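Me: I would like to learn how to read the features of a model, one at a time. Can we go through this one together?

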Amino acid sequence: AVMQYYGENPVHDLASAKMEIEWFLGLPLEQKGARWVIADRVTDEYIGDAGIYNFSRTHRRIEIGFKLKKEYWRKGIITFCIQHVLQYGFSTLNCNRIEALVDKRNIGSIKSLERCGFKRDGLLREYELEQDGFVDLWMFSRLAREHSSDPSPDE
């Protein structure tokens, strides 16, 4: 369920998991973004991740992405994480635009982004080829000038 609209296959083996971790670790080293693990507060178990990637220094924009185990959905965790990722993107990386591409069927992610002030820029028709064919994605964005008037995530 977590990966249904993610555009990638779930990780099922150790080699794939290691490749994903290496990608996470390489993002800041290559100055292309950052990815953070989301852990359960009690067990410290991995429950998801969130971050930014595809950084364009020239255009001061970056893309946000996130995923979370299904049993943790609808608890405000992703909204909390998105707010912190936005703060990092706008304050630390000095981005003007943070964008998200979301499968139009992914209602949970759409609601999370809209709760965090993202606006729909438009529908990208048949934008990605997935297992069952081409899928439409919504392009969302949040601009620095919109973010600067919001309270910080810790307030």
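Reply: Start with Glu-146, which has its place in helix H4 (residues 144-147). Helices here are DSSP runs of H or I with at least four residues, strands are runs of E with at least two, and both are numbered from the N terminus. This is a predicted model: local features need pLDDT of at least 70, side-chain atom pairs count only at pLDDT 80 or more, and totals for chains, interfaces and linings use all residues. Residues are numbered from 1 along each chain as its sequence is written, and side-chain values use heavy atoms, with hydrogens and water left out.

Me: Is Glu-146 buried, exposed or partly exposed?

Reply: The cut-offs come first: buried is under 20% relative accessible area, exposed is over 50%, and partly exposed is in between (1.4 Å probe, protein chains only). Glu-146 has 23% relative accessibility, so it counts as partly exposed.

Me: How far apart are Glu-146 and Phe-118, in sequence and in space?

Reply: They are 28 residues apart in sequence. In space, the C-alpha to C-alpha distance is 9.3 Å.

Me: Now the sheet. What is the order of its strands?

Reply: Strands of a sheet pair through backbone hydrogen bonds, either parallel or antiparallel. Two strands count as paired if DSSP finds at least two bridges between them. Here six strands make an open sheet with mixed pairing, in the order S1-S2-S3-S4-S6-S5. S1 and strand S5 (119-130) stand at the edges with a single partner strand each, so one side of each has no neighbour in the sheet. On average, neighbouring strands are turned by 25° against each other, direction ignored. For that angle, axes are lines fitted to C-alpha atoms, for helices over the stretch in contact, and angles run from 0 to 180 degrees between N-to-C directions.

Me: Which strands does S6 pair with?

Reply: S6 (residues 133-143) runs antiparallel to strand S4 (residues 97-103), and seven bridges join them. Asp-103 has Leu-137 as its bridge partner in S6. For Leu-101, the partner in S6 is Met-139. S6 also pairs with S5, in the antiparallel sense over eight bridges. There, Lys-119 stands opposite Ser-141 in S6. S5 and S6 form a hairpin with two residues between them.

Me: Why is S6 called largely enclosed?

Reply: Because eight of its eleven residues are buried, S6 is largely enclosed by the rest of the structure.

Me: Where does the charged end of Arg-120 sit?

Reply: A charge sits over a ring if NZ of Lys or CZ of Arg is within 6 Å of the ring centre and within 35 degrees of the ring normal. The charged end of Arg-120 sits over the ring of Trp-138, 4.6 Å from its centre.

Me: What about S1 and S2 at the other end of the order?

Reply: S1 and strand S2 (residues 46-56) pair in the antiparallel sense over six bridges. Trp-36 has Ala-50 as its bridge partner in S2. Six residues lie between the strands of this hairpin.

Me: Which residues of this region have a positive phi?

Reply: Most residues other than glycine have a negative phi, and most peptide bonds are trans. Asp-44 is not a glycine, yet its phi is positive, about 65°. It is found in the loop between S1 and S2. Asp-44 is exposed, with a relative accessible area of 61%. Asn-54, also not a glycine, has a positive phi of about 60°. Asn-54 lies in strand S2 and is exposed, at 51% relative accessible area.

Me: How many aromatic pairs are there?

Reply: A pair of aromatic rings is described by the distance of the centres and the angle of the planes. Rings of Phe, Tyr and Trp (its six-membered ring) pair if their centres lie within 6.5 Å; planes under 30 degrees apart are stacked, over 60 edge-to-face, and the rest tilted. By this rule there is one aromatic pair. Trp-36 and Tyr-88 are edge-to-face, 5.1 Å centre to centre, with 80° between the planes. The pair links distant parts of the chain: Trp-36 is in strand S1 (residues 34-39) and Tyr-88 in helix H2, 52 residues apart. Trp-36 is partly exposed at 35% relative accessible area. Tyr-88 is also partly exposed, at 26%.

Me: What span should helix H2 have?

Reply: The expected span is 1.5 Å times one less than the number of residues. H2 (residues 77-92) has 16 residues and should span 22 Å; its end C-alpha atoms are 22 Å apart, which agrees.

Me: Which residues of H2 are buried?

Reply: Ile-78, Thr-79, Cys-81, Ile-82, Val-85, Leu-86, Gly-89 and Phe-90 are buried. They cover an arc of only 160° around the axis, which puts them on the same side of H2. The arc is that of the directions from the helix axis to the C-beta atoms. Just after H2, Asn-94 takes a positive phi of about 60°.
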